[in-house]
Amino acid sequence: MTATFSTGERVSVRQARPPGHLRTPFYIRGKQGEIERVCDEFGNPEELAFGRRDGPAVRLYRVRFLLDDLWPEYAGADADTIDIELYEHWLQPAKEAA
Amino acid sequence: MSDGGHDHDHQHDHGHTHDHGDDHAPPSDEDGALTHYQMLEIAMRELLIEKGVITADEVRAGVEEMDGRTPERGARVVARAWLDPDFKERLITDGPAACAELEIDVSPARLTVVENTNDVHNVIVCTLCSCYPRPLLGLPPSWYKSSSYRSRTVREPRVVLEEFGTLIPNDVAVRVHDSTADLRYMVLPQRPTGTENMAEAELAALVTRDSMIGTSVVAAP
């Protein structure tokens, strides 16, 4: 499967609260960042957690966020960032700023 | 304890007292009741051994192998990368393949090496659990698994670093890496000045565990 997003593209993380085993921390949901790199495809941990091993592999990305965008009260440097691994089904194209 | 319970009045009748200041006092971490997951692990292991799937010696050897991994492995990788720019390039592009050149097997970890520069200081954390580059650094320190380190490193990394005695100037970006999924990270620290004439083994001896987590830097000798 080719990757939907490419390096440098702006994305936002889905603001969803599904039940089950998730690898998308709450603090990153709903936030906008930039694809740092496109990783391989891996088994979907949300399925593997329940022993379902025959589902399709899912694309993983590393996405970079400014800490200023995550925490309104952030007191560090403007350029400080966090890189986090997110699966494709948690990402959508970022909306243009109004 | 004929009733099967354990009263805590310490009226034991076996001829000595438990002085917890005594060097020979037993470690207390085995005294509590087993947790659900400890019981699950024991039950699973005993069943697998009973059914001949694995042997007790294989379990023992596995634990021995895990305990044998130390940050010296990571330090060897760092020292080589400092001396050999081509190796460094390969290490950053494909961590597992580069480590295999030094006969270090990092599988099944998808090792991703992040390099500190004059402009960027990297630090690793796993907010969801305690993912850690075990093949290169061994078992994680207890603070790495603490909820305090895990929650605060993504929120106020510079404050956390300062508590480790690591002051990053504001013109150097702090880049936090949250190991949420399938990759594992190791920081490639900067080579300190004054080490220009040092051999690979001498360089490796300078590299500390925390400098490869990113909570510290490698000090000049």
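Trainee: Why is the pair A:Arg62 and A:Glu36 called a salt bridge?

Mentor: In this predicted model, the closest N and O atoms of A:Arg62 and A:Glu36 are 2.9 Å apart. The rule asks for a side-chain nitrogen of Lys or Arg within 4 Å of a carboxyl oxygen of Asp or Glu, so the pair qualifies.

Trainee: What makes the two residues distant parts of the chain?

Mentor: A:Arg62 sits in strand β3 of chain A and A:Glu36 in strand β2 of chain A, 26 residues apart.

Trainee: How do you know that β2 and β3 of chain A pair, and in which sense do they run?

Mentor: Six bridges join β2 (residues 32–42) to β3 (residues 58–66) of chain A. Pairing needs at least two bridges, so these strands count as paired. Their sense is antiparallel. Within this part of the model, A:Val38 stands opposite A:Tyr61 in β3(A).

Trainee: What else does chain A contain?

Mentor: Chain A has two helices and five strands, and from the N terminus on its elements follow β-β-α-β-α-β-β. Along the principal axes, its C-alpha atoms fill a box of roughly 45 × 30 × 25 Å.

Trainee: How do you know that a strand of chain A pairs with a strand of chain B?

Mentor: Four bridges connect β4 (residues 81–87) of chain A with β3(B). At least two are required, so the pairing holds across the two chains. The sense here is parallel. One bridge can be named: A:Ile82 has B:Val176 as its partner in β3(B).

Trainee: What is the order of strands in the sheet?

Mentor: The order is β5(A)-β1(A)-β2(A)-β3(A)-β4(A)-β3(B)-β2(B), an open sheet of seven strands with mixed pairing.

Trainee: What makes β5 of chain A and β2 of chain B edge strands?

Mentor: β5 (91–93) of chain A and β2 (120–125) of chain B each pair on one side only. From one strand to the next, the twist averages 35 degrees.

Trainee: How many residues are in contact between chain B and chain A?

Mentor: On the chain B side there are 24, against 25 of chain A. About 2,000 Å² is buried between the chains, and carbon and sulfur atoms give 49% of this area. B:Arg155, B:Thr180 and B:Asp182 supply 25% of the area that chain B buries against chain A, more than any other three residues.

Trainee: Why does the contact between A:Asp40 and B:Arg110 count as a salt bridge?

Mentor: The N to O distance for A:Asp40 and B:Arg110 is 2.5 Å. That value lies within the 4 Å cut-off, and the residues are an Asp and an Arg, so the rule is met. Across this interface the rule finds three salt bridges, while the count over all chains is 21. The interface also has 19 residue pairs in polar contact, both residues at pLDDT 80 or more.

Trainee: Which elements of chain B give two or more residues to the side that touches chain A?

Mentor: They are β1 (110–115), α9 (157–163), β3 (173–178) and β4 (183–188) of chain B. The largest share, six residues, comes from β3(B). By class, this side of chain B has eleven nonpolar, six polar and seven charged residues.

Trainee: What makes the backbone notable at B:Pro108 and B:Glu103?

Mentor: Most residues other than glycine have a negative phi, and most peptide bonds are trans. The peptide bond from B:Ser107 to B:Pro108 is cis, with omega near 5 degrees. B:Glu103 has a positive phi, near 60 degrees, and is not a glycine. B:Pro108 lies in the loop between α5 (95–101) and β1 of chain B, and B:Glu103 is placed in the loop between α5 and β1 of chain B.

Conventions: Residues are numbered from 1 along each chain as its sequence is written. Chains are lettered from A and ligands numbered from 1 in the order in which they are written. This is a predicted model: local features need pLDDT of at least 70, side-chain atom pairs count only at pLDDT 80 or more; totals for chains, interfaces and linings use all residues. Side-chain values use heavy atoms; hydrogens and water are left out. Contact means heavy atoms within 4.5 Å. Buried area is the accessible area (1.4 Å probe) that two parts lose on being put together, summed over both. A polar contact is a pair of N or O atoms within 3.5 Å; within protein, one must be able to donate a hydrogen and the other to accept it, and residues adjacent in sequence count only if both atoms are side-chain atoms. Ala, Val, Leu, Ile, Met, Phe, Trp, Tyr, Cys and Pro count as nonpolar, Asp, Glu, Lys and Arg as charged, and the others, Gly among them, as polar. Axes are lines fitted to C-alpha atoms, for helices over the stretch in contact, and angles run from 0 to 180 degrees between N-to-C directions.
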